[in-house]
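Grab a viewer and work through these exercises with the model open. Each one sets a task and then walks through a solution.

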Amino acid sequence: RGGDGCIALGEVLSTGKVPSLRTVSLDWPCNQSFASLCEGLSQGRVGPPVMVDINVWRGQENDAYLGLSRLAETIRAGKLSGLRKVSSTRYRMLSREGAGVLGEALTH
């Protein structure tokens, strides 16, 4: 599967395998690879002292909603308590539906 590396990265970040890690900044298109990253992040928990900043944007693929819904699930499950910032600053902004799902998770 093409997402195996993304899942593995998420697992490494969420299971404390890099104890000296304090800040993670992700700048990622909201596509299938981002959904796979979120799947990996769900395997553990990214919390303080690790702080996470995520910038996502709608990529060329039509699966941006999938990526955002996986991120929302991860947040709602309490797996990203170290989340400090979520943004979408690229020229291809997120869809209204995807932004709604993400907003609901952030206020959950």
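**Exercise 1. A polar residue and its partner**

Is N55 buried or exposed? Work that out, then find its strand and its side-chain partner.

*Solution.* Keep in mind that this is a predicted model.
- Step 1: place the residue. N55 belongs to strand 2, which covers residues 51-57.
- Step 2: check the accessibility. The relative accessible area of N55 is 10%. The cut-off for buried is under 20%, so N55 is buried.
- Step 3: look for a partner. The side chain of N55 makes a polar contact of 3.0 Å with the side chain of S87.

**Exercise 2. Hunting for salt bridges**

How many salt bridges does the structure hold? Identify the residues and say what the pairing ties together.

*Solution.*
- Step 1: count. You should find 1 salt bridge.
- Step 2: name the pair. The side chains of R84 and D53 meet at 3.0 Å, N to O.
- Step 3: map the pair onto the strands. R84 sits in strand 3 (residues 83-87) and D53 in strand 2, so the bridge ties together parts 31 residues apart in sequence.
- Step 4: check the acid. D53 has 17% relative accessibility and counts as buried.

**Exercise 3. The two faces of helix 4**

Which residues of helix 4 are buried? Decide how they are arranged around the axis and what they pack against.

*Solution.*
- Step 1: list them. Helix 4 spans residues 96-106, and its buried residues are G98, V101, L102 and A105.
- Step 2: take the arc. They cover only 95 degrees around the axis, so they lie on the same side of helix 4.
- Step 3: recall the helix geometry. An α-helix has 3.6 residues a turn, so residues three or four places apart point the same way.
- Step 4: turn to the other face. Exposed R96 and E104 are on the face turned away from the buried side of helix 4.
- Step 5: find the packing partners. The buried residues of helix 4 pack against helix 3 (64-76) and strand 3.

**Exercise 4. One ring pair**

How many aromatic pairs does the structure hold? Classify the geometry.

*Solution.*
- Step 1: count. There is 1 aromatic pair in the structure.
- Step 2: get the geometry. The ring centres of W28 and F34 are 6.4 Å apart and the planes are at 55 degrees, so the pair is tilted.
- Step 3: check the burial. W28 is buried at 14% relative accessibility, and F34 is buried with a relative accessible area of 1%.

**Exercise 5. The core and its hubs**

Which residues of the largest nonpolar core touch the most other members? Trace the elements that supply this core.

*Solution.*
- Step 1: find the hubs. The core has 26 residues, and F34, I54, L71 and L80 touch the most other members.
- Step 2: see who contributes. At least two residues each come from helix 1 (4-14), strand 1 (23-29), helix 2 (32-41), strand 2, helix 3 and helix 4.
- Step 3: pick the top contributor. Helix 3 gives the most to this core, with 5 residues.
- Step 4: zoom in on one hub. Not counting residues up to four places away in sequence, L71 touches F34, C38, I54, L80 and L102.

**Exercise 6. How enclosed is helix 2?**

How many residues of helix 2 are buried? Name them, and find what covers them.

*Solution.*
- Step 1: count. In helix 2, 7 of the 10 residues are buried, so this helix is largely enclosed by the rest of the structure.
- Step 2: name them. The buried ones are F34, A35, S36, L37, C38, G40 and L41.
- Step 3: look for the cover. Helix 1, strand 1, strand 2 and helix 3 are among what covers the buried residues of helix 2.

**Exercise 7. Two buried hydroxyls and an odd peptide bond**

What do T74 and S14 contact? Afterwards, track down the peptide bond from P48 to P49.

*Solution.*
- Step 1: start with T74. T74 is in helix 3 and is buried, with a relative accessible area of 1%.
- Step 2: list its contacts. Leaving aside neighbours within four places in sequence, T74 is in contact with C38, L41, S42, K79 and L80.
- Step 3: move to S14. S14 is in helix 1 and is buried at a relative accessible area of 4%.
- Step 4: list those contacts too. With neighbours within four places in sequence set aside, S14 is in contact with G40, L41, Q43, G44, R45 and V46. The side chain of S14 also reaches the backbone nitrogen of G44 at 3.2 Å.
- Step 5: finish with the peptide bond. The bond from P48 to P49 is cis, with omega near 15 degrees, and P49 is in the loop between helix 2 and strand 2. Most peptide bonds are trans.

Terms used: Residues are numbered from 1 along each chain as its sequence is written. This is a predicted model: local features need pLDDT of at least 70, side-chain atom pairs count only at pLDDT 80 or more; totals for chains, interfaces and linings use all residues. Side-chain values use heavy atoms; hydrogens and water are left out. Helices (H or I, at least four residues) and strands (E, at least two) are DSSP runs, numbered from the N terminus. Buried means under 20% relative accessible area, exposed over 50%, partly exposed in between (1.4 Å probe, protein chains only). A polar contact is a pair of N or O atoms within 3.5 Å; within protein, one must be able to donate a hydrogen and the other to accept it, and residues adjacent in sequence count only if both atoms are side-chain atoms. A salt bridge is a side-chain nitrogen of Lys or Arg within 4 Å of a carboxyl oxygen of Asp or Glu. The arc is that of the directions from the helix axis to the C-beta atoms. Contact means heavy atoms within 4.5 Å. Rings of Phe, Tyr and Trp (its six-membered ring) pair if their centres lie within 6.5 Å; planes under 30 degrees apart count as stacked, over 60 as edge-to-face and the rest as tilted. A nonpolar core is a set of buried Ala, Val, Leu, Ile, Met, Phe, Trp, Tyr and Cys residues joined through side-chain atoms within 4.5 Å.
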